[in-house]
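Hi,

Here is the model I said I would pass on. Have a look at it first, and my notes on what turned up come straight after.

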Amino acid sequence: MAFKPANNIQDLQYFGEFGGVNPSISDSSTYTFLSAKTMFDTFEGNADGCYLYSRHSSPSNLYLGEALAAMEDTETANVSASGMGAITPVIMQLCGAGDHIVSSRTIYGGTYAFLKNFTPRFHIETSFVDITNLEMVEAAITENTKVLYCESVSNPLLEVADIKGLAEIAKRHNLKLVVDNTFSPLSISPAKLGADVVIHSLTKFINGSSDTVGGVVCGTQEFINDLRNVNDGASMLLGSTMDSLRAASVLKNLRTLHIRMQQHSFNAQFLAEKFEHDGLKTVYPGLQSHPSHELFKSMMNDKYGFGGMLTIDVGSLEKANELMELMQDKNLGYLAVSLGFYKTLFSAPGSSTSSEIPEEEQQEMGLSDGLIRFSIGLDADIERTYHMMRDCMEALDILSPKASTSV
Ligand code: PLP
């Protein structure tokens, strides 16, 4: 039977202490024990169901983690205070001095900076490759490689990773395949396709209200236990723990993710088709012209579409800035980084979210100055939005009025 990630979330039921429809929030940093022996056993990791200290785990964080594990079909999950608070401990847990990582070269700028500038301090080196070229990926593997790292749909170029193909390579070379699935929750289920570890920045679509940062690592019980180990667990010791109040609020927002993703994808597909038809250089995995359109289709779960992210190239940073400012003036969205909000967000990645990547490397990977990344919102009337965006583009000579198409 086809995998239905939203059903898995829906089937999880938690009641509050007094029969509340939402689980009670564990508003405590520490927990009492009736016996000293149980406290000792809990430290040793041998007292199931007991809580020790909230940096290690808390009931509220476990509820959210279990719901996300159900969504990604992994044994369990560990939530964290941010997406980077999920990514960095995974890397530090899997790699030590002398180890090597093969990573996609088009990834979120913060992850790129961590692998390029930070982990070399610990003698962990990374080769950045074109993730869509499996031969190049395999050729970059050395005897010290421990991790294959990618985003299912990459930030900001929307390259699509062949997760099955990468999982086969990882298996052959005994590597862990780590996939950041932030751009395609519900649409793509990396663990079903062979990924060992699946990460999300919850900050984006999953929470969806742009009111917090958050992250999650989904994986096997053994790996999550390793991350939480009091003696050498990177999540436990680096300490990027989500607060219980926030975990409870993210869980409530997760309950509507399936509806939101359908609307984000519907709106993005509509705009991408119109923009492309108008002659704008448009990248969206739902377009036939996207080089990995068929690959995305072969991996996707029914109903959730190709996601809410699209890019257009308007030729120069100056034009991109003018357009974004005008669209913001018209209340079509906000000139802001991040994604997954009810409102459309836009930014020029070359000078913002990917500015950590040196200019020559940006050019090499096709990240041009005039690129605008859109996170398409939940607009009720996307046709009206399209016409208003078109008016902005015409006003700035990005599109000529003659080329106007009727909808
Ligand atoms: N992964 C991706 C694909 C992202 O876009 C981001 C943030 O923009 C992150 C990870 C980092 O997440 P956070 O900002 O929650 O630390």
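One definition before the rest: the helices (H or I, at least four residues) and strands (E, at least two) named below are DSSP runs, numbered from the N terminus. Lys-303, for example, sits in the loop that runs between helix H12 (293–299) and strand E9 (309–313). Please keep in mind that this is a predicted model.

**Backbone oddities**

Lys-303 is worth a look for its backbone, too: its phi is positive, about 90°, even though the residue is not a glycine. Is Lys-303 buried or exposed? Lys-303 counts as exposed because its relative accessibility of 63% is over the 50% cut-off.

His-123 also has a positive phi without being a glycine, in this case about 60°. You'll find His-123 in the loop between helix H5 (109–118) and strand E3 (125–129). With a relative accessible area of 54%, His-123 is exposed.

Then there is a cis peptide bond, going from Asn-155 to Pro-156, with omega near 5°. Pro-156 belongs to the loop between strand E4 (145–151) and H7. As background for these oddities, most residues other than glycine have a negative phi, and most peptide bonds are trans.

**The ligand**

Asn-155 comes up again here: one of its polar side-chain atoms lies 2.9 Å from an oxygen atom of the ligand. Ser-201 does something similar, with a polar side-chain atom 2.8 Å from a ligand oxygen. For Lys-204, the distance from a polar side-chain atom to an oxygen atom of the ligand is 2.6 Å. How much of the ligand does the protein cover? On its own the ligand has 390 Å² of accessible area, and the protein covers 91% of that.

There are 14 residues around the ligand, and those that come nearest are Gly-83, Met-84, Asp-180, Thr-203 and Lys-204. So Lys-204 is in that nearest group as well as having the polar side-chain atom 2.6 Å from a ligand oxygen. If you go through the pockets, the space that the ligand takes up is the second largest one.

**Salt bridges**

How many salt bridges does the structure hold? There are 12. As a reminder, side chains of opposite charge can pair when their charged atoms come close. Here are a few of them in detail.

Lys-37 and Asp-41 pair through their side chains at 2.8 Å, N to O. Both belong to helix H2 (residues 36–43), where they are 4 residues apart, about one turn of the helix. Their exposure differs in class: Lys-37 is exposed at a relative accessible area of 57%, whereas Asp-41 counts as buried because its 19% relative accessibility is under the 20% cut-off.

Glu-138 and Arg-172 form another salt bridge, with an N to O distance of 3.0 Å. This pair links distant parts of the chain, since Glu-138 is in helix H6 (residues 134–139) and Arg-172 is in helix H7 (residues 163–172), 34 residues apart. Glu-138 counts as partly exposed at 26% relative accessibility, while Arg-172 is exposed at 54%.

Lys-319 and Glu-322 are a further pair, meeting at 3.6 Å, N to O. They share helix H13 (residues 317–329) and are 3 residues apart, about one turn of the helix. Both count as partly exposed, Lys-319 at 26% relative accessibility and Glu-322 at 34%. There is also a network: Asp-278, Arg-390 and Glu-394 are joined into one by salt bridges that share partners.

**Two buried loop residues**

Thr-182 is in the loop between strand E5 (176–180) and strand E6 (197–201). Its relative accessible area is 7%, which makes Thr-182 buried. Which residue sits 18 positions from Thr-182 along the chain, with a C-alpha separation of 4.6 Å? That is His-200.

Ile-107 is in the loop between strand E2 (100–104) and H5, and at 0% relative accessibility Ile-107 counts as buried. From Ile-107 to Leu-158 there are 51 residues in sequence and 9.5 Å in space, C-alpha to C-alpha.

Cheers

Notes:
Residues numbered from 1 in each chain as written. Predicted model: local features only at pLDDT ≥ 70, side-chain atom pairs only at ≥ 80, totals over all residues. Heavy atoms only, no water. Salt bridge = Lys/Arg side-chain N within 4 Å of Asp/Glu carboxyl O. Buried < 20%, exposed > 50% of the residue type's maximum accessible area, 1.4 Å probe, protein only. Near = heavy atom within 4 Å. Polar contact = N/O pair within 3.5 Å; in protein donor to acceptor, adjacent residues only side chain to side chain. Areas by Shrake-Rupley, 256 points an atom, 1.4 Å probe, with all protein chains shown as cover. 1 Å grid on protein atoms, 1.4 Å probe; cavity = no way out; pocket = protein on both sides within 12 Å on 5 of 7 lines; lining within 4 Å. Sits in = over half its atoms within 2 Å of the grid points.
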